[in-house]
Amino acid sequence: MWVAILTGATAVTAGWVASLGNARTARIQAEASAQAQHHARVREARRTAYLDFLAQAHLTGELYYRLGDVYAQLTQPDEQVRKIHDLRTALRDAYDPLARCTRVVLLEGPEAIAATAESVQQAVTDANGALWEIVQGAPDARARFDQSHQTFRERLQRFIETARTAIG
């Protein structure tokens, strides 16, 4: 009889210990799964933000390249100024979406990528200002624009490299 009681108690205790172990294992697996899903959502949100930012920066860069076309294709200063003014209008239209994308990148982070996105936006602001100086006929404005455009390209490349590292 004692053997039966001892065997029964051992079986009940073993079942209880096994169920505790199973519950702990299930909890750990659920936490790991939730953490992996969260990491995947964050990675995808960042990737989308970075791609949107790059698309807007690319559009801005394309507009900058058109300045060279203006000087190469048009010989009359009045025509050049008119076309440059048209470029400025297109750049103003492209600036707001780029600024919105920059703010999204700032929200998604991390800090290193946010800083590079802000530096790209600052380079766009500087280049747009130099373009305004060209329209106004300021001396050496074209050289300032060329330098600002170069800075924009360098900072955009830095953004790409930082984004690649951030996404992993």
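**Exercise 1. How much area does the protein expose, and what share of it do carbon and sulfur atoms supply?**

Solution. The model is a predicted one, in which local features need pLDDT of at least 70 and side-chain atom pairs count only at pLDDT 80 or more, while totals for chains, interfaces and linings use all residues. Residues are numbered from 1 along each chain as its sequence is written, and side-chain values use heavy atoms, with hydrogens and water left out. The protein exposes about 10700 Å², by the Shrake-Rupley method with a 1.4 Å probe, where for residues only the protein chains shown count as cover. Carbon and sulfur atoms supply 57% of that area.

**Exercise 2. Work out the secondary structure of the protein and how spread out the chain is.**

Solution. Begin with the elements: there are 4 helices and 0 strands, where helices (H or I, at least four residues) and strands (E, at least two) are DSSP runs numbered from the N terminus. Along the sequence the pattern reads α-α-α-α. The radius of gyration is 30 Å, well over the 15 Å that the globule rule gives for 168 residues, so the protein is more spread out than a compact globule; the radius is taken over C-alpha atoms, and the rule is 2.2 Å times the number of residues to the power 0.38. Next, take the principal axes, along which the C-alpha trace spans about 115 × 20 × 20 Å.

**Exercise 3. Describe the surroundings of I84 and T102 in helix α2.**

Solution. Helix α2 covers residues 77-108 and holds T102, and I84 is found in α2 as well. I84 counts as buried at 1% relative accessibility, and T102 is buried with a relative accessible area of 1% (buried means under 20%, exposed over 50%, partly exposed in between, with a 1.4 Å probe and protein chains only). Leaving aside residues up to four places away in sequence, I84 touches L67, V70, Y71, L131, I134 and V135, a contact being heavy atoms within 4.5 Å. One of these partners, L131, is 47 residues from I84 in sequence and 7.6 Å away in space, C-alpha to C-alpha. With the same exclusion, T102 touches F53, A117, E118 and Q121.

**Exercise 4. Compare the reach of helix α4 with its expected span, and find its buried residues.**

Solution. Helix α4 (residues 141-167) has 27 residues and reaches 38 Å from its first C-alpha to its last, close to the 39 Å expected, that is, 1.5 Å times one less than its number of residues. Its buried residues include F145, F152, L156 and F159. After α4 comes G168, with a positive phi near 80°.
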